[in-house]
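I sat down with this model today and kept short notes as I went. Here is what I looked up.

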Amino acid sequence: MDPPEDVDVPMVDDDDGDRAEIESRLPLSEDEQRVLDLYGQLQQLRLEIAIMKAHAVYRPVPSTDPNKVSEQTQRDVLDARANFRLRNDVVESVMTANPILKAVHNGTNALPAERDLLLYIEQRDRSATAVAKHATDIGFIRNDLTEVQSDTARVVRKNVVLTSTLFELAEEVKKKQATRLDDEETQSEMAKLETAMKASRQRWRVMKGLASGIVAGSGVDWARDGKLREVVLDMDGDE
């Protein structure tokens, strides 16, 4: 039996990804693409030249810590970075303003590439609107979260105060109870109550014993009657 021939299976995912990437690109001619590439190289060269100039004019400040950067150096770096980004933003804005205006207003002298910009400009505007709405929603959520956290902090502080007050009241109750128990009059009343309770228990035992003897000696079949059986057999556990 002949072995199966190798069948080339197309990479669907890779083809779809390449196709989507090609469709997402702005249709440019070779000259236009070359201009963009040269502009990117020009920006890179400007950055390298700025770094070389910064190295040339840099004068290190003596410091006891070699790893610590002086505040003046940090400010110079931030200023240089801000100026570099500002210049690039201005240049890009000037270069893109005219093609965008032609694409939006559909000028008669607009190039095909400039007309094709309209679709991408609309996508950019929709994305910017969605991002702005999302940022607004996040701001509202953060405000609500801040209010909830503030309310929680207030409730926690109130609970701490109430708990402290509760502990103080509990201590006062304990002190009052201890004072009452230590009073001679209170102890005398408690002793009288205990004596009366013991006498009452004694009378109860006597009466219960008599009732049990009467029922047991009466000849009644008390074992079949639940109440009589309880009277005869129920033992008093009090001492």
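I started at the bend: α3 has a kink of about 30 degrees at A97, shortly before the proline P99. I kept in mind that this is a predicted model.

Next I checked the span of α3. The helix has 35 residues and reaches 50 Å from its first C-alpha to its last, close to the 51 Å expected at 1.5 Å a residue. Just past the end of α3, I found N106 with a positive phi of about 55 degrees.

Then I asked myself which residues of α3 are buried. My list reads T73, F84, N88, P99, K102 and A103. I noted that P99, the proline shortly after the kink, is one of these buried residues.

What makes up the nonpolar surface patch? I found L86, V90 and V94, which together give about 290 Å². I placed V90 within α3, which runs over residues 71-105. Is V90 buried or exposed? I put V90 down as partly exposed, because its relative accessible area is 45%, between the 20% and 50% cut-offs. A reminder to myself on spacing: an α-helix has 3.6 residues a turn, so residues three or four places apart point the same way.

Last, I turned to α2, residues 30-57, where Q43 sits. Q43 counts as buried because its relative accessibility is 13%, and buried means under 20%. Which residues does Q43 touch, leaving aside neighbours within four places in sequence? I found F84 and N88 in contact with Q43, and both are on my list of buried α3 residues.

Notes. Residues numbered from 1 in each chain as written. Predicted model: local features only at pLDDT ≥ 70, side-chain atom pairs only at ≥ 80, totals over all residues. Heavy atoms only, no water. Patch = residues over 30% accessible without salt bridge, like charges linked within 9 Å, V, L, I, M, F, W, Y side chains within 5 Å. Areas by Shrake-Rupley, 256 points an atom, 1.4 Å probe, with all protein chains shown as cover. Salt bridge = Lys/Arg side-chain N within 4 Å of Asp/Glu carboxyl O. Helix = DSSP H or I, 4+ residues; strand = E, 2+ residues; numbered from the N terminus. Buried < 20%, exposed > 50% of the residue type's maximum accessible area, 1.4 Å probe, protein only. Expected span 1.5 Å × (residues − 1). Bend = angle between axes of the 7 residues up to and from the residue. Contact = heavy atoms within 4.5 Å.
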